[in-house]
Amino acid sequence: MSDRDAAETPGTAGPTDGETADDNPSVRRVSDWSADRLAELAAEHGTPLYVQDLDRVRENCERLRDAFPDADVRYAVKAHTGRAVLEAVREAGLDAECASAGEVDRALAAGFGGDRLHYTAVNPPARDLDYVAGVAEAEPDLTITVGAVDTLDRLAERGYDGRVCVRVNPGVGAGHHEKVRTGGAAKFGIPYDRAAEATRDAAERFDVVGIHAHAGSGIDSDQLDSHRELVARMGELARELAEPNDGDAGGDPDGDGPPDLLDIEYVDVGGGFGVPYEEDAPALDLPAVAEATREAVAPLPAGVDLAIEPGRYVVADAGVLLTRVNTVKPTPDERVVGVDAGMTDLLRPAMYDAYHPIRNLGGAEGVDGSDAPAPADRSATPVTVAGPICETGDTLCRDRALADPVRGDLLAVGIAGAYGYEMANQYNSRPRPAEVALDDGTAAVVRRRETLGDLTTVERTGTVTGGDR
Ligand code: LLP
């Protein structure tokens with residue numbers, strides 16, 4: 001489906017009359033947030049607290065759609081599955097790309113119909129396939145993207161013969177860290193040189209509607225060549241599939257072998273568009289990336305659309321994580337600033353050595369007995385910001401110059417809207433943080449702070465006598 005057609009409330013997604021292009025800048029930095037507003041929210045809801053601005057989510061959707069006006073744009077839900085975000089994205093006209101039964105369930109609950117749902121199955125657990133095959137009975141326009149012949153067999157065993165997209169391993173990857181480069185990783189997709197044959201075979205059993213590849217996540221300007229290479233290979237494959245199948249795979253004069261011509265709807269070249277985490281890093285030139293993508297994939301066979309599935313780009317700069325300084329400890333080697341958010345709230349620094357901008361919003365200077373000046377009047381001091389988890393890796397940054405933090409200050413960790421709350425966990429028995437969504441300036445708690453009681457809701461206590469544990 002064209003995302004243009006799918007837009008439900010076009011007026012809410014972009015600049016309104018009289019606004020200039022600058023009203024939708026290519027990145028919102030942590031310095032662009034109102035310190036007073038964030039301080040108010042932290043005072044009202046406590047910390048750690050995620051704040052997600054739905055207006056910025058809408059702006060990001062709008063920029064994507066402007067840059068890729070003829071492409072199907074699918075939001076990779078895994079970046080942020082909060083209901084409010086999903087609804088905003090749906091209203092802005094994007095489809096949903098889901099990685100699990102849980103994500104499909106949440107997208108359905110947020111109002112995505114089957115025709116706007118794409119489930120990407122990666123070594124899918126049986127219960128996920130059971131669930132999605134069941135959903136497809138009621139929502140036959142749902143598409144399942146499959147990266148292994150085994151998965152196709154397992155779908156067929158469940159009686160599924162609906163829409164399938166074949167995931168290809170293009171042999172080229174990109175991304176901000178080796179752990180998120182999928183393109184060349186054997187785990188994902190059918191190897192490129194077997195993809196045409198596998199796709200034709202799949203078409204004997206399913207309605208094959210597309211081919212798919214994803215290079216990886218967090219692709220910045222330096223890695224665009226790899227992305228272009230992937231896109232070019234996918235264009236080539238689309239053209240090959242549109243040719244009469246008279247090669248080694250065998251033609252189909254009798255009509256009992258693989259179909260002669262494949263009539264696919266789209267070539268999905270994945271997501272991965274990076275956002276600038278460092279304060280001075282330039283934002284991706286999205287219109288230029290879009291142009292290069294279109295050129296690399298061209299010429300597409302008639303009737304075949306380009307599709308993309310960004311996650312991070314939609315939500316990353318729409319979110320900040322607020323955390324309060326509770327400890328300041330000078331040591332001979334470094335100045336350690338202890339805060340109430342850690343790797344359980346924002347895993348990315350610990351897992352990928354990811355950089356997140358941090359801004360000291362102050363606050364301690366307003367507290368009785370504190371003689372701290374406003375942050376703007378403090379000296380920039382190199383600090384380690386460390387969380388409350390008993391792991392050495394639990395730091396949000398090291399050797400970073402911040403307006404010298406003191407106990408009671410509020411820190412805003414920027415560009416935290418993607419893979420932030422989503423990767424939060426309860427390690428060290430830490431309840432997950434609360435999240436507030438801003439919608440046209442109005443704040444609402446969209447995920448309450450977990451309590452100590454929540455930590456044990458799934459736990460069974462007492463004596464178990466049988467094998468029922
Ligand atoms: N499509 C597929 C099939 C994917 O696997 C992913 C991300 C996306 C689209 C969206 O990629 P994006 O546009 O968000 O870069 N937790 C890591 C990121 C892992 C991404 C996994 N797949 C991080 O925090 O950097």
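Which residue places a polar side-chain atom 2.8 Å from a nitrogen atom of the ligand? In this predicted model, that residue is Tyr352, whose polar side-chain atom lies at the stated distance of 2.8 Å from the ligand nitrogen. Oxygen atoms of the ligand are also approached by the protein: a polar side-chain atom of Ser217 is placed 2.4 Å from a ligand oxygen, and a polar backbone atom of Gly311 is found 2.8 Å from an oxygen atom of the ligand. Of the 580 Å² of accessible area that the ligand has on its own, 91% is covered by the protein.

The surroundings of the ligand comprise 20 residues, of which His176, Ser217, Glu309, Arg348 and Tyr419 are the closest. When this shell is divided by class, 6 residues are nonpolar, 8 are polar and 6 are charged. The space that the ligand takes up corresponds to the largest pocket.

With respect to the overall architecture, the domain assignment of the protein gives domain 1, which is made up of residues 3–50 together with 316–455, and domain 2, which spans residues 54–314. The contact between these domains takes 40 residues from domain 1 and 46 residues from domain 2, while their centres, taken over C-alpha atoms, are separated by 32 Å. Both domains take part in enclosing the ligand, in that the shell around it draws at least three residues from each of domain 1 and domain 2.

Technical notes
Residues numbered from 1 in each chain as written. Predicted model: local features only at pLDDT ≥ 70, side-chain atom pairs only at ≥ 80, totals over all residues. Heavy atoms only, no water. Near = heavy atom within 4 Å. Polar contact = N/O pair within 3.5 Å; in protein donor to acceptor, adjacent residues only side chain to side chain. Areas by Shrake-Rupley, 256 points an atom, 1.4 Å probe, with all protein chains shown as cover. 1 Å grid on protein atoms, 1.4 Å probe; cavity = no way out; pocket = protein on both sides within 12 Å on 5 of 7 lines; lining within 4 Å. Sits in = over half its atoms within 2 Å of the grid points. Nonpolar A, V, L, I, M, F, W, Y, C, P; charged D, E, K, R; others polar. Domains from an automatic or database assignment. Contact = heavy atoms within 4.5 Å.
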